[in-house]
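Reader: I would like to learn how to read the contacts between two chains and the core that lies behind them. Could you take me through the features in turn?

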Amino acid sequence: MHGRNTSTRRRFLRLAGSTAVIGALPIVSLRPVEATPETMATAIRAVVGGALVQTGKVKLDIPPLVENGNTVPMTVSVASPMTANDHVKSIHVFNEKNPQPNLGNFFLGPRAGRAQVSTRVRLADSQKITAIAHLSDGSFWSVTAEVVVTLAACTEEVI
Amino acid sequence: MAAALINVPKKAKRGDVIEIKTLMSHIMETGYRHTTSGKIVPRDIITSFACRYNGEEIFRADLFPATAANPFISFFTIATESGKFDFEWIGDNGFSETAAASIIVE
Amino acid sequence: MRFAGTIALASLLALIGALAGIVIRPLIAAEIPSTERRSGYTFMAPDTKAMQDDDTVNPGMLGVLDGETLWKRKAGAASKACADCHDDARVSMKGVAARYPAFDKALARPVNLEQRINLCRARHQEAEPLPYEKHDLLALSAFVAEQSRGMTITPDTAPELEPFVAKGRDFFMHRQGQLNLGCTNCHDDNWDKHLAGSAVTQAIPNGYPIYRLEWQSLGSLQRRLRNCITGMRAQNFDFGAIELVELELYLMTRARGMPVETPAVRP
C-alpha cells in the first residue's frame, strides 16, 4: 500500500474531470511535486534550528487507518502544567508525503490552560506525521505517528 | 452567507479550562489541482486564524493547503473574566471573516 | 445463482398473487431483511462517527445554518420567504424529509425534496428554481431535512407511487454498464465487506444531504447516485431525472424504519 504503486494509481484514477459543481472546466488532481522526507526535515529545521529535538511529552491522536484522506481528524496534545514558567509556546505538525510539508502551526501560551489542539487535515498518502512542541524553556519535544491512507473506492470523475 | 460556527460555553467558573470549537466555511483550494486543459486551479486558502479574549490574543494558528475544507479548529483557554471572544480568519484573495462570542465568568 | 432463484421466487409469488386476485409486492429474496438493516453510520470509523454526533464539529451544520438564513429570505417576484407561508420550520417541516420523495398530483409523478423546494419557489414565490447541487439548494434541503432528524423514515405508501417504486427497484436489481454490475450485487449481497478501503454499506440513504469527506462538502443523494453509477461504468442520468427520483424512492423504502440522520457525515 506504500510508495509508488499507490501514487501511480491515484494519478491514474484522478485523471479525468471533477464534478460539474466546480465550474465549466473539469478539475483533475494530478500528483504534483511531492514532499519527501528531506523536505519535511528542512521544514522542521526551519522551526527548530540546530536545537536538539527530544521524543516525549507530545501525543498525536490520529486514526492509524484513515477513513478518507481528504478529511482526517487530528488532535495534538502536550503534557505540560501550562503555567507562566512552564508552558507550551507552540506546536508544529509536519508530514512527509503531501505536496507541502506543513500540516499546521499552533501558538499557545500560559493562558491556554491545556496544550491541546484539534483540527482536520488532508493526507495524500500513507505516511509519517510528526508533531513538535516548543516549550517555554526553549526545549523541543516530538512524536511521530504512522498513518495508512487508502483511496475512496469510486471517484466521481468520468474516465 | 453564514460563515462560522463557534462553540464557547456560555458560562464558566473563574479558573476553569474551557474548550473553544470553531468551524469556518471555506473551500481551502489547495493550488495543486488542475483543470483538464492543464491549468492550475489557483490556491485559495485561509492562511491564519486568531482568537482574542477581551482584546488579548490567546491562540493563533497558521493554516496550509493541507488543512481540510471548512476548517475545524478547537483549542483551550482559561476562563479569567466575563467578556468577549473575537475570532478572525484571514486568507488568500483578501479573505477576512470575523465572529464573536460572549462568556459569563463567575 | 441467487439471482436466478430471485426471479423464480418473484414469478412464483406473482403467479400466486394473480391467482389470488391480490396484488402482492414481490418479495425479492435478495433484499436485506428488515431485522438486519443498518444505517451507513454503523459502518464508519469512530472518528467519523464522532464528527456526525457533535453538532459543534459537524461540517454539515454549516449548511443547515445557511439554510435557516435562506428560509427567512424573501425571494422571487412575489417577494415571499419560505417562512412567510411555512412559519417556523421546526414545526412545519417536522416529518417532511422522513416521507420524501412524495407524489406530486399536478405533475403526476414523485418528486424529491430538492424538487419540492423548487416547485414551491416556482408556484408560490414566483422565483427561479435553484440550480441542483449548488450551495443554496443544498443548504435549504439540509435545513428542511434536519427538522426531521431522529424521526423514523416512513415512505408514503400511496398506490400512485407503486409503479415508480417498482421502476426504482428494477434499476437497483438489474446488471448494467461496462462492469455488468447491479447495485444489489454490492449493497444486498456484499455489504459489510470492503471495496478497496471503503466499507460497502446497505444503500440506505437516511442522512441526506450528507457531508461527504470525499467531497469535503455537503451533497445530495442524487450526487451520490451519479457517483455510484459512474463507478459502475453505467449510463448516467442528469440531476433531476425521473430515473434518479424513482431510484431515490425505492432506496427510501429500504430505509423504512431507520432514523433520519441529516446532516450525516459519511466517508
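Author: Let us begin with the interface, bearing in mind that this is a predicted model. Contact is counted here between residues, and on that count 18 residues of chain C are in contact with 14 residues of chain A.

Reader: Which helices of chain C each supply at least two residues of the side that touches chain A?

Author: They are α2 (46–53) and α10 (221–231) of chain C, and the largest share of that side, four residues, comes from α10(C). Sorted by class, the side of chain C that touches chain A holds eight nonpolar, seven polar and three charged residues.

Reader: What general idea should I bring to a nonpolar core, and which residues touch the most other members of the largest one?

Author: In soluble globular proteins, nonpolar side chains tend to be buried together. In this model the largest nonpolar core has 117 residues, and those touching the most other members are Ile91(A), Ala112(A), Ala131(A), Ala133(A) and Val144(C). Helix α7 (residues 135–146) of chain C gives the most to this core, namely eight residues, while domain 2 (38–55 + 154–266) and domain 3 (60–146) of chain C each contribute at least three.

Reader: Which residues does Ala131(A) touch, if those up to four places away in sequence are not counted?

Author: Ala131(A) touches Val58(A), Leu60(A), Val76(A), Ile91(A), Val93(A), Ser142(A) and Val143(A).

Reader: How many helices and strands does chain A have?

Author: Chain A has two helices and 10 strands, and 42% of its 159 residues count as buried.

How values were computed: Residues are numbered from 1 along each chain as its sequence is written. Chains are lettered from A and ligands numbered from 1 in the order in which they are written. This is a predicted model: local features need pLDDT of at least 70, side-chain atom pairs count only at pLDDT 80 or more; totals for chains, interfaces and linings use all residues. A residue is buried if 20 or more other C-beta atoms lie within 10 Å of its own, exposed if 12 or fewer, and partly exposed in between; C-beta atoms are placed from the backbone. Two residues are in contact if their C-beta atoms, placed from the backbone, lie within 7 Å. Ala, Val, Leu, Ile, Met, Phe, Trp, Tyr, Cys and Pro count as nonpolar, Asp, Glu, Lys and Arg as charged, and the others, Gly among them, as polar. A nonpolar core is a set of buried Ala, Val, Leu, Ile, Met, Phe, Trp, Tyr and Cys residues joined through C-beta atoms within 7 Å. Domain bounds come from an automatic or database domain assignment.
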